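Have your viewer ready and the chain loaded. This tour goes from one selection to the next, with a short look at what is there.

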Amino acid sequence: MFELLTSRKTARQRILEVACDLFYHKGIRSVGVDTIVEKSGVGKATLYRHFSTKDDLIAAYLEELDRHDWKQFEDKIAKHEGSPKEKLLAFIDTITVTMMDPGYRGCAFLNALAEFPEESHCVKRLTVEYNSKLRLRLNQLTQQAGAQDENLTDQLMLVITGALSLAQALGSAGPASQLKALATHLIDLHIA
């Protein structure tokens, strides 16, 4: 899921790739630096040369997820140029496909925030930034598709967040499987 796209990986890339995988699948607090060092095949000094603290590595993990998600969103949306409503539905499709992945363990940002709820921690800032960008992009798409206000954006944000949470708790075949149908219904209600 978190493989960096290069043929020959640097030590920093190996560390980040291993950290991304472990943090997502095991939880951030439960993974120690020693485990990351061992699995990435680098020395502890090398890890600390690239990431001064574990918090720096956590921030890099969330920034990598942010890049990964936005690349997926924009790649999917680009296939529907000229059709604003289809672009919006493609955005929802990207989230649906993510939730259906057998390795899905919930929204990484929400999971990280549950582990680090402190206002001063980088996780809080990065989660707020990610969700703000998500809301802004959704709002752009809903406005392009013809929505008259931000109500559709906020309703879609609530439905998406609920689906992401429920897919982890109850599985992707449970209530989360209704994301596309519910999002489509909301879109149809707001857009002629």
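Start by selecting R137. Is this arginine buried or exposed? With a relative accessible area of 14%, R137 falls under the 20% limit, so it counts as buried. Keep in mind as you look that this is a predicted model. R137 sits in helix 7, which covers residues 122–145. Now show what surrounds the side chain: beyond the neighbours within four places in sequence, R137 is in contact with W70, E74, I77 and F91.

Stay with helix 7 and move to residue 122, where this helix begins. C122 is a buried residue, at a relative accessible area of 15%. Next, add C20 to the selection; its relative accessibility is 0%, so C20 is buried too. Why do these two cysteines not form a bond? The sulfur of C20 lies 13 Å from that of C122, its closest cysteine sulfur, and that is too far for a bond. A disulfide would need the two sulfur atoms within 2.5 Å. Looking from the other end gives the matching answer: for C122, the closest cysteine sulfur is the one in C20, 13 Å away. The structure as a whole holds zero disulfides.

Now go to L88, in helix 5 (residues 84–100). L88 has 0% relative accessibility and therefore counts as buried. Which residues surround L88, leaving aside its neighbours within four places in sequence? Its contacts are L138, L141, T142, L152, L156, I187 and I191. Three of these, L138, L141 and T142, bring you back to helix 7, which spans 122–145. L152 and L156 belong to the stretch of helix 8, residues 151–170. For a distance to draw, join the C-alpha atoms of L88 and V123: these residues are 35 apart in sequence and 28 Å apart in space.

While helix 8 is in view, select Q155, which is found in this helix. Here the surroundings open up: Q155 has a relative accessible area of 30%, so it is partly exposed. Not counting residues up to four places away in sequence, Q155 touches L186 and H190. Draw the line from Q155 to L186 as well: the two are 31 residues apart in sequence, with 7.7 Å between their C-alpha atoms.

For a stop outside the helices, pick T53. It lies in the loop that links helix 3 (44–50) to helix 4 (54–78). How accessible is T53? Its relative accessibility is 36%, so T53 counts as partly exposed. From there, look for V33: the two residues are 20 apart along the chain, and their C-alpha atoms are separated by 9.4 Å.

Finally, zoom out and colour by secondary structure. The chain contains nine helices and zero strands, so its pattern along the sequence reads α-α-α-α-α-α-α-α-α. Taken along the principal axes, the C-alpha atoms fill a box of roughly 60 × 30 × 30 Å. How does the radius of gyration fit a compact globule? For 192 residues such a globule would have a value near 16 Å, and the 18 Å of this chain agrees with that.

Switch to a view coloured by burial, and 44% of the 192 residues are buried. A contact map adds another view: among contacts between residues at least 6 apart in sequence, 64% join residues at least 24 apart. With the surface turned on, you are looking at about 9900 Å² of exposed area, of which carbon and sulfur atoms supply 53%. As a last step, select the charged side chains: there are 23 positive and 25 negative charges, and their mean positions are 5 Å apart.

How values were computed:
Residues numbered from 1 in each chain as written. Predicted model: local features only at pLDDT ≥ 70, side-chain atom pairs only at ≥ 80, totals over all residues. Heavy atoms only, no water. Buried < 20%, exposed > 50% of the residue type's maximum accessible area, 1.4 Å probe, protein only. Helix = DSSP H or I, 4+ residues; strand = E, 2+ residues; numbered from the N terminus. Rg over C-alpha atoms; globule rule 2.2 N^0.38 Å. Contact = heavy atoms within 4.5 Å. Areas by Shrake-Rupley, 256 points an atom, 1.4 Å probe, with all protein chains shown as cover. Lys, Arg positive; Asp, Glu negative; His and termini not counted. Charge placed at Lys NZ, Arg CZ, Asp CG, Glu CD.
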